[in-house]
Amino acid sequence: MDEIKSRMAGGEPYLANDPALRPYRKRCEELLDRFNATALAHQGERDRILRELVGAAAPGVRVVPRFLCEFGFFIEIGERSRINFDAVLLDCAPITIGADVRMGPRCQLYTANHPHSAELRHGMWESAKPIVVGDGAWLGGGVIVLPGVTIGANTVVGAGSVVTKDLPAGVVAVGNPARVVREAL
């Protein structure tokens, strides 16, 4: 792993406009254009492009367009997981999606974070923290997951929720910020 990718994966500050990131973004943009232009009926072609785009996509994964990410290489998707329409995965740090995960339409997973200091933000500094979605989790439509969050296995996150902190396994969480309301059935 080169230096800039290592800094990003390690949560260290990096320049969002670092020239070393340009080829990674260009590659990602080209693959996303091809992926998102592929007809829904051409699942095999989309699968091939997805496997070129992301770090790992296990057998049985289904991602439907429109799918957006920033780099692709930090995304790992487990077996039989499903990502519905209009997902946005800002993968400036690793995003690990377990097996049998379901993500409703317009889910957003954001690893990138920006400093509170206006001076640093204007200087294009940012950092990132990994996101983990455990096996069997279900994210309802429009769920937003913030940097550094882990969602436990078999946890259900209600539609429109904003997950700002870790959620344990086997619970139902809803709201903004998402809070645990009960155990999952």
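**Exercise 1.** How many residues does the hairpin use to join strand 19 to strand 20? Determine also the sense in which strand 19 and strand 20 run.

*Solution.* The model under study is predicted.
Step 1. The residue ranges are 171-175 for strand 19 and 178-183 for strand 20.
Step 2. The hairpin that connects strand 19 with strand 20 passes through 2 residues.
Step 3. Strand 19 and strand 20 run antiparallel and are joined by 5 bridges. Within this pair, Ala 173 is placed opposite Val 180 of strand 20.

**Exercise 2.** Give the order of the 5 strands in the open sheet, and explain why one side of strand 2 and of strand 16 lacks a neighbour there.

*Solution.*
Step 1. The open sheet has the strand order 2-5-8-13-16, with parallel pairing.
Step 2. Strand 2 (56-57) and strand 16 (150-151) occupy the edges; each has a single partner strand, so one side of each has no neighbour in the sheet.
Step 3. Strand 16 pairs with strand 13 (residues 131-133) in the parallel sense, over 2 bridges. Here Val 132 lies opposite Thr 150 of strand 16.

**Exercise 3.** Establish how many disulfides the structure holds, and examine Cys 69 and Cys 92.

*Solution.*
Step 1. A disulfide requires two cysteine sulfur atoms within 2.5 Å.
Step 2. For Cys 69, the closest cysteine sulfur belongs to Cys 28 at 3.6 Å, which is too far for a bond.
Step 3. For Cys 92, the closest cysteine sulfur is that of Cys 69, at 10 Å, again too far for a bond.
Step 4. The structure accordingly holds 0 disulfides.
Step 5. As to accessibility, Cys 69 is buried at a relative accessible area of 10%, and Cys 92 is buried at 0%.

Notes:
Residues are numbered from 1 along each chain as its sequence is written. This is a predicted model: local features need pLDDT of at least 70, side-chain atom pairs count only at pLDDT 80 or more; totals for chains, interfaces and linings use all residues. Side-chain values use heavy atoms; hydrogens and water are left out. Two strands pair if DSSP finds at least two bridges between them. Helices (H or I, at least four residues) and strands (E, at least two) are DSSP runs, numbered from the N terminus. Buried means under 20% relative accessible area, exposed over 50%, partly exposed in between (1.4 Å probe, protein chains only).
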